[in-house]
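Biologist: Please show me the model, and then let me ask how each descriptive word is earned.

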Amino acid sequence: MLDFTRLKKLLNKSQNIVITTHHKPDGDAMGSSLGLYNYLVQKGHQVRVITPTDYPFFLQWLPNNPEVIIYTDNPTESKNKILNADIIFCLDFNALSRINELGEFVRQSSAIKVMIDHHLEPEGFDDFRHWSINACATAQLVYDFIVNLMGERHLINKDVATCLYTGIMTDSGSFRFQNTTAEVHHIVADLIACGAENWKIHQMVYDNFSESRLRFLGHCLLNRLEVFTEYNAALITVNKEDLQKYHITTGDTEGVVNYALSINGIKLAALIIERPDRVKLSLRSTGEFPANEICKKYFNGGGHRNAAGGYSYENLDQTVKKFKSILPDYKTLLVQ
Ligand code: 5GP
Ligand code: MN
């Protein structure tokens, strides 16, 4: 492990830095990565953000988004940048399997690896970590890193503030999940003071969908939603024909599961999607119910207590059956 004083010293000299984040990056992944990018470039570093895969259209407006390299579009450049980096920041993930093939390059690279993350059970590939499962978003930890560890609040300019606001907003469900503490609100207020235009950011993220995405949502709610009242659980199942018919692209299915959770009394909501390579599950829960336990135990995944995910190589029907067969085991927790 590297001590912070040494890291700080390194960061006060120009370095080759790569920032990477988990595959299919969400608002927190991109917001924290570009937030850190916009901070580090002000310090004179050579910085690139490299994502393992593409990410939703509604995140492609973030300040300096054109500087992002997508590994699947530029594999050789991505690999070389990672292998030649002095420092690699790993944001919003803590297991190298979450960055697909990039994981092997990060492992091979002699760069110092700095992990900033809020997920459970870090794997331990890092040299320095700023990690807390109590943080509502990695963007919150990036703010804390810049302001309290580096002591550089003056470098939170409008671009940094906009990115970090986006990360906190998206990962906290627009400031409503349980971990949206008073401290989070203070940070968010400070980001607005530093130039984040909250109303514009909400519009860019939440009012930026295609017509077919909205009709897809209607289809899911009308035709694909099952409610299991006896278990306080709900499920939305999406097959590959649905994805084709509504021209679903990266990011279009994000948030759909929350509608199932919004039904009165529902404690566990699932979205099961038949992707080309495997069946993907997204689980959301309320209160103490451990959605991550189900993902870890039955679906090769994990995540947070109230927001978790996993996958299955069984077919869609079998995966749905398996999910339903698990509900009786959790009945006590679900109905209490
Ligand atoms: P989503 O349902 O939005 O895909 O994921 C919600 C959360 O669950 C993510 O923030 C991540 O923490 C976790 N998660 C999703 N998919 C996986 C997975 O395949 N493996 C693990 N370990 N965690 C996942
Ligand atoms: Mn996150």
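What follows is a conversation in which each term is set against its definition.

Modeller: This is a predicted model, in which local features need pLDDT of at least 70 and side-chain atom pairs count only at pLDDT 80 or more, while totals for chains, interfaces and linings use all residues. Residues are numbered from 1 along each chain as its sequence is written, chains are lettered from A and ligands numbered from 1 in the order in which they are written, and side-chain values use heavy atoms, with hydrogens and water left out.

Biologist: What is the mean pLDDT of the protein chain, and where is confidence lowest and highest?

Modeller: The score pLDDT is the predictor's confidence in each residue, from 0 to 100, and its mean over the protein chain is 97, with 100% of the residues reaching 70 or more. Confidence is lowest in strand 11 (residues 302–303), at a mean of 90, and highest in helix 2 (residues 27–40), at 99. Helices here are DSSP runs of H or I with at least four residues, and strands are runs of E with at least two, numbered from the N terminus.

Biologist: What makes certain residues the protein donors of the manganese ion (ligand 2)?

Modeller: Donors are N, O and S atoms within 2.8 Å of the metal (3.2 Å for Na, K and Ca), and since water is not among the atoms, sites may look incomplete. Asp-28 (OD), Asp-92 (OD), His-118 (NE2) and Asp-171 (OD) lie 2.2 to 2.4 Å from the manganese ion, so they satisfy that limit. Two of these donors link distant parts of the chain, as His-118 is in the loop between strand 5 (112–117) and strand 6 (128–131), whereas Asp-171 is in helix 6 (residues 158–171), 53 residues apart. Both His-118 and Asp-171 are buried.

Biologist: Why is Phe-299 called buried, and how do you know that Tyr-298 counts as partly exposed?

Modeller: Buried means under 20% relative accessible area, exposed means over 50%, and partly exposed lies in between, with a 1.4 Å probe and protein chains only. Phe-299 has a relative accessible area of 0%, so it is buried, whereas Tyr-298 has 22% and is therefore partly exposed.

Biologist: Why is the pair of Tyr-298 and Phe-299 called tilted?

Modeller: Rings of Phe, Tyr and Trp (its six-membered ring) pair if their centres lie within 6.5 Å, and planes under 30 degrees apart count as stacked, over 60 as edge-to-face and the rest as tilted. The rings of Tyr-298 and Phe-299 have centres 6.5 Å apart and planes at 55°, so the pair is tilted. Tyr-311 and Tyr-313, by contrast, are 5.6 Å centre to centre with 70° between the planes, and that pair is edge-to-face. Of these two, Tyr-311 is partly exposed at 23% and Tyr-313 is exposed at 60%.

Biologist: How do you know that the charged end of Arg-278 sits over the ring of Tyr-311?

Modeller: A charge sits over a ring if NZ of Lys or CZ of Arg is within 6 Å of the ring centre and within 35 degrees of the ring normal. The charged end of Arg-278 is 4.0 Å from the centre of the Tyr-311 ring and is listed as sitting over it. The charged end of Arg-213 likewise sits over the ring of Phe-209, 4.0 Å from its centre.

Biologist: What makes a set of residues a nonpolar core, and which have the most contacts inside the largest one?

Modeller: A nonpolar core is a set of buried Ala, Val, Leu, Ile, Met, Phe, Trp, Tyr and Cys residues joined through side-chain atoms within 4.5 Å. The largest has 57 residues, and those with the most contacts inside it are Ile-19, Phe-89, Ile-156, Ile-168 and Leu-191. A second, separate core of 23 residues includes Val-279, Ile-294, Ala-308 and Leu-316.

Biologist: What makes helix 5 (residues 138–149) mostly covered?

Modeller: In helix 5, 9 of the 12 residues are buried, among them Leu-141, Phe-145 and Val-147.

Biologist: What is the phi of Ser-174, and is this residue buried or partly exposed?

Modeller: Most residues other than glycine have a negative phi, and most peptide bonds are trans. Ser-174 has a positive phi of about 60° although it is not a glycine, and at 29% relative accessibility it counts as partly exposed. Ser-174 lies in the loop between helix 6 and helix 7 (182–193), as does Phe-175, which has a positive phi of about 65°.
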